[in-house]
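Colleague: I am new to this structure and would like to learn how to read its features. Please take me through them one at a time.

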Amino acid sequence: MLKNIIYIFSLLLLASCTKSTNTSSIKVVGEMRDVMWKGDLKGKIATDSLNNKETYGIGPIEFLKGEIVLFEGQTFVSKVIDSVSHQVTKIPSVRAPFFVYSTNSDLKVVELTLDNYSLKEIEEHIDSVYKNYDQPILIRIDGLFDNIKVHSVNLPEGKKVSSPEEAHQGLTQYDFKNISGSLIGFFSRNHKAVFTHDDSFFHAHFISDDLEVLGHIDETDFNSSKVTMKVSK
């Protein structure tokens with residue numbers, strides 16, 4: 001009888017420990033690969049279901065008509081106007097074919113050790129600092145960015161998608177220098193082609209303080225003394 005009690009207690013303890021290691025506030029709906037390779041462009045989540053001040057999220061607008069930043073529970077989108085300009089709008093809700101988001105975010109300041117960072121160096125820094133953590137991580141970086149290149153997807157009406165090249169039809173890039181704003185990104189070693197690209201652990205969007213610039217970040221560099229980085233698990 002005693003052995004049975006000990007055995008049952010051990011199982012309960014193991015289940016409890018297993019559950020406690022899977023408490024990430026970060027969720028994923030849909031998959032990038034289904035959008036890029038299968039043409040699954042319809043929205044799977046609406047952002048008005050995520051309206052609280054501790055929520056952040058990123059993804060494309062359904063049918064690849066722009067980019068989304070869910071920032072402190074508020075929804076902002078960017079849409080291409082032409083090759084030199086785009087429009088950023090705050091709206092009540094928008095739908096996304098894939099979306100990564102964090103609810104009840106508990107952002108903590110993380111020290112930056114280099115003088116200057118590129119997008120790849122941010123990824124490498126997070127990978128090093130959290131080398132023993134195996135779940136997705138939310139990154140928020142606020143401050144002055146020396147250079148930043150963002151894009152918005154803009155798939156022409158009626159176009160079909162069966163490859164990344166087709167998905168990027170109409171995509172338009174924009175370059176900015178000395179711009180203040182916030183990088184909202186998600187890091188994971190286990191979500192390639194789900195919410196990160198095949199060659200990266202990191203997917204990030206940018207929104208400027210004046211709400212005139214928003215997009216998926218392709219390139220950036222900044223001085224660490226001019227920004228603050230926070231992380232939530």
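Modeller: We can start with the lining of the second largest pocket, which divides by class into five nonpolar, two polar and three charged residues. Keep in mind throughout that this is a predicted model.

Colleague: How is empty space found in the first place?

Modeller: A probe the size of a water molecule is rolled over the atoms, and this shows where empty space is left. In this case, the second largest pocket holds about 150 Å³ of space.

Colleague: Which residues line the second largest pocket?

Modeller: From the early part of the numbering come Met32, Arg33, Met36 and Trp37. The others are Pro164, His168, Ala193, His197, Asp198 and Asp199. Helix H2, residues 32-38, gives the largest share of this lining, with four residues.

Colleague: What is the volume of the largest pocket, and which residues line it?

Modeller: The volume of the largest pocket is about 200 Å³. Its lining consists of Leu119, Lys120, Glu123, His197, Asp199, Ser200, Phe202, His203, Ala204, His216, Ile217 and Asp218. His197 and Asp199 are on this list, and both also line the second largest pocket.

Colleague: Which elements supply at least two residues each to the lining of the largest pocket?

Modeller: Helix H3 (119-129) does, and so do strand E13 (202-208) and strand E14 (214-223). By class, this lining has four nonpolar, four polar and four charged residues.

Colleague: A pocket is open. How many cavities of 30 Å³ or more are there in the whole structure?

Modeller: The difference lies in the probe: in a cavity it fits but cannot get out. The search finds one cavity of 30 Å³ or more. The largest cavity has a volume of about 130 Å³.

Colleague: Which residues lie nearest the centre of the largest cavity?

Modeller: Of its 15 lining residues, Met36, Glu67, Phe98, Val153 and His216 lie nearest the centre. H2, E3 and E13 each supply at least two residues of the lining, and H2 gives the most, with three. The classes here are seven nonpolar, seven polar and one charged. Met36 also lines the second largest pocket, while His216 also lines the largest pocket.

Colleague: Let us move to rings. How many aromatic pairs does the structure hold?

Modeller: It holds seven aromatic pairs. To read one, take the angle between the ring planes: under 30 degrees counts as stacked, over 60 as edge-to-face. Tyr117 and Phe222 are 5.9 Å apart centre to centre with 20 degrees between the planes, so this pair is stacked. It links distant parts of the chain, with Tyr117 in strand E10 (residues 116-118) and Phe222 in strand E14, 105 residues apart.

Colleague: Are Tyr117 and Phe222 buried or exposed?

Modeller: Buried means under 20% relative accessible area. Tyr117 is at 2%, so it counts as buried, and Phe222, at 0%, is also buried.

Colleague: Which pair is edge-to-face?

Modeller: One such pair is Phe187 and Phe201, at 5.8 Å centre to centre and 80 degrees between the planes. Phe187 belongs to strand E12 (residues 172-187) and Phe201 to the loop between E12 and E13, so the pair ties together parts that are 14 residues apart in sequence. Phe187 is buried, at 0% relative accessible area.

Colleague: What do Tyr117, Phe145, Phe206 and Phe222 form?

Modeller: These four residues form one aromatic cluster. A ring can also have a charged residue over its face: Lys233 lies over Tyr133, at 4.6 Å from the ring centre.

Colleague: Last, the backbone. Which residues have a positive phi although they are not glycine?

Modeller: Two examples are Leu64, with a phi of about 55 degrees, and Leu211, with a phi of about 65 degrees. Leu64 sits in the loop between strand E3 (56-60) and strand E4 (67-71), whereas Leu211 is in the loop between E13 and E14.

Colleague: Is each of these two leucines buried or partly exposed?

Modeller: Leu64 has a relative accessibility of 3% and so counts as buried. Leu211, at 37%, counts as partly exposed.

Conventions: Residues are numbered from 1 along each chain as its sequence is written. This is a predicted model: local features need pLDDT of at least 70, side-chain atom pairs count only at pLDDT 80 or more; totals for chains, interfaces and linings use all residues. Side-chain values use heavy atoms; hydrogens and water are left out. On a 1 Å grid over the protein atoms alone, a cavity is a set of points where a 1.4 Å probe fits but cannot get out, and a pocket is an open set with protein on both sides within 12 Å along at least five of seven lines; lining residues have an atom within 4 Å of a point. Grid points are joined across faces, edges and corners, and a volume is the space filled by probe spheres set on the points. Ala, Val, Leu, Ile, Met, Phe, Trp, Tyr, Cys and Pro count as nonpolar, Asp, Glu, Lys and Arg as charged, and the others, Gly among them, as polar. Rings of Phe, Tyr and Trp (its six-membered ring) pair if their centres lie within 6.5 Å; planes under 30 degrees apart count as stacked, over 60 as edge-to-face and the rest as tilted. Buried means under 20% relative accessible area, exposed over 50%, partly exposed in between (1.4 Å probe, protein chains only). A charge sits over a ring if NZ of Lys or CZ of Arg is within 6 Å of the ring centre and within 35 degrees of the ring normal.
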